[in-house]
Amino acid sequence: MGSEYAIEAEGLRRVYRTRTGWLRPRREMVEAVRGVDLTVRRGELFGLLGPNGAGKTTTIKMLNTLLIPTSGTARINGFDVVRDTREVRRRIGYVFGGDRGLYDRLSGLDNLRYFAELYGVPARDQKRRIAELLELVGLTGREREPVDGYSRGMRQRLHIARGLLHRPEVLFLDEPSIGVDPVAARELRQTVAGLAASGTTVLLTTHYMAEADELCDRIAVIADGRIQALGTPAELRHRADGRRVVEIEAYGVPDTAVAALRDLPGVRETALEERGALQLLTVQSDAHVDVQGDVLRELAGIRLGRVNSREPTLEDAYVAIVNAS
Amino acid sequence: MLRTLLIGTLLHAKHLSRSPFEIALALVIPLVQATLAVYLFRAGDEPHRLLEAAVGAGLMGIWSSVLTGSGGAIQRQRWHGTLEMIMLAPRHPVLMILPITAASAVTGTYSLLATLLWGRLIYRIPLDFRHPVAFLVAAVVCVVGLSMFGLLMASTFVLLRNANALANPLEYPIWLLSGMLVPIATLPSWTVPIAAVLPTTWGARALREATSGGPVWPSAGVCLAISAACLVLGALFLVSFERRARAAGTLALS
Ligand SMILES: Nc1ncnc2c1ncn2[C@@H]1O[C@H](COP(=O)(O)OP(=O)(O)OP(=O)(O)O)[C@@H](O)[C@H]1O
Ligand SMILES: [Mg+2]
């Protein structure tokens, strides 16, 4: 087909109208996506990163025809997502993370049979295709058990097999690795990388920076419904060039202390992450300013663990981009 | 296309028949219905009407199953996130929704047979159909009518997130209107036109005629004709409602 791009989006916007309350209905409007422009080349593995509620899922659902954009246009392999819905659906696969989206009381095999039929896999190919995919996702031998009894990781793999049944040219993966153990997550990454290598275009959302860094050719960081930064992982990492990161393990850091750190000369970003009983305090600063001494002085009286100074990672760049938005 | 419908119906029926809730319902309801039929009509001093009453009660079972089937199943699929997945298929939406209502009608047919069986076992209602073959055909016609009418209703469930709150109260009026429980002649006259356009009215009538004598085929024919109209209308509604659901964002739960 004509277009050299697998995904093209121009000025995509989506407003949700919600009504709450029966007796005195209150109408609210949420502008989930506020103008997204995006092009993804064929065979590219494209990452969409952003905090909760940034509009990632909404963007994906507009691209895969589940939602009609409030304004703007999008095309998949040259087909308009609103006008040529069926042509688009023939070419896309959609996989989302979590437990939902499968018939729990049917076996994995029955689930695949049903969707193979529904997604138009020719009858004579179904058996072979299903066996192939069960093998690919490592469910061979378990396919006759009801999905009810599957573990989280098995469900996720079944989901992926289902999404690939009709050999989609463009695959949308919305947080596919959520709740999957590290070993299974690595296998998942290999599967996704393999698909991209064989020419499938993949649009992936994830909250795991390392995953995005390892897999994606390009990444868009989306926050507040707008793309805040777009580039290769290396380009995004450059955004944190000229910076240095101090990581401090601490116990019971008050918000006031974090705010005080932000005002120190040379400090650019601060982030506080809970890790069980422990807190991980990350301070980004200009590389030529040594802030470690000032930071530790500011935290005097707070119980601290390890202190570590390092080069910035993609995650630091991401934090900087999201905080700036 | 037929294959898609058939496989879809089979798998949805399989899915339904594995729910412990549905199984419990399917065991108890026909028994209740047989009992109702017997006592309603014994009190009415019409013992010759027993079999007819049992058939009517069984039909109620199918109807309940289509209502909870077309409404409940679409709602449950929305909950489980499968509604989005089936609507994403590159096919006409009828191919995705009709199997769900058809599966409900098929599992509901079981309820009809079970009602008759309970009636036979416990209350010794003699199963002497006037036209046994016509009865079977009429039963199939009823299943078709119920599936198609279910499709018409299901189209609204696709659009509206809480449509089942609207549909549940429909259960009893339609039983009455279709003459499943009492003869239509005993209902007020304003109900006649409503009853006349429900495929269930004609299906129930065909079943009753096959049970106690009468020209079965005209009623069965009308039932099929109305079913066809339901199919066409349901297909039109589905296409437009599916689009509106995508605009409103109601295919998903949130
Ligand atoms: N059906 C809906 N009705 C109303 N508001 C919605 C609906 N779906 C999403 N929203 C709102 O739109 C915004 C964007 O949501 P979206 O699900 O696209 O975010 P996301 O980036 O996928 O987040 P997450 O990382 O949590 O999955 C949020 O504010 C959310 O509350
Ligand atoms: Mg999301």
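Okay, let's start with a helix. Helix H1 of chain A, residues 56-63, lies across three strands of chain A: S1, which is 5-20, plus S2 and S4. Against S1(A), helix H1 runs at about 115°. Before I go on, keep in mind that this is a predicted model.

So what do those strands belong to? They sit in an open sheet of four strands in chain A, and the order across the sheet is S2-S1-S4-S5, with antiparallel pairing. Which strands stand at the edges? Those are S2, residues 26-41, and S5, residues 79-80. Each of the two has a single partner strand, so one side of each is left without a neighbour in the sheet.

Take the S5 end for a moment. S5(A) pairs with strand S4, residues 71-76 of chain A, in the antiparallel sense, and the pairing runs over two bridges. If you want a spot to look for on screen, find A:Ile76, which stands opposite A:Phe79 in S5(A).

Now let's zoom out to the whole chain. Chain A has eleven helices and 14 strands. Its C-alpha trace spans about 70 × 50 × 45 Å along the principal axes. The domain assignment splits chain A into domain 1, 5-231, and domain 2, 242-313. How many Å separate the centres of those two domains? The answer is 37 Å, taken over C-alpha atoms.

A few totals for chain A, while we're at this scale. There are 325 residues, and 52% of them are buried. The accessible surface comes to about 14900 Å², with 47% of that belonging to carbon and sulfur atoms. And if you take the contacts with a separation of 6 or more, 72% of them are between residues 24 or more positions apart.

Last stop, one residue: A:Asn111. You'll find A:Asn111 in helix H3 of chain A, residues 108-118. Buried or exposed, A:Asn111? Buried: the cut-off is under 20% relative accessible area, and A:Asn111 comes in at 1%.

What is around it? Setting aside neighbours within four places in sequence, A:Asn111 is in contact with A:Leu102, A:Tyr103, A:Leu106, A:Val147 and A:Leu158. Look at A:Tyr103 in particular: its backbone nitrogen lies 2.9 Å from a polar atom of the A:Asn111 side chain.

So that's the tour: a helix lying across strands of the sheet, two domains in the chain, and a buried asparagine in H3(A). Okay, over to you.

Methods
Residues are numbered from 1 along each chain as its sequence is written. Chains are lettered from A and ligands numbered from 1 in the order in which they are written. This is a predicted model: local features need pLDDT of at least 70, side-chain atom pairs count only at pLDDT 80 or more; totals for chains, interfaces and linings use all residues. Side-chain values use heavy atoms; hydrogens and water are left out. Two strands pair if DSSP finds at least two bridges between them. Contact means heavy atoms within 4.5 Å. Axes are lines fitted to C-alpha atoms, for helices over the stretch in contact, and angles run from 0 to 180 degrees between N-to-C directions. Domain bounds come from an automatic or database domain assignment. Buried means under 20% relative accessible area, exposed over 50%, partly exposed in between (1.4 Å probe, protein chains only). A polar contact is a pair of N or O atoms within 3.5 Å; within protein, one must be able to donate a hydrogen and the other to accept it, and residues adjacent in sequence count only if both atoms are side-chain atoms. Accessible areas come from the Shrake-Rupley method with a 1.4 Å probe; for residues, only the protein chains shown count as cover.
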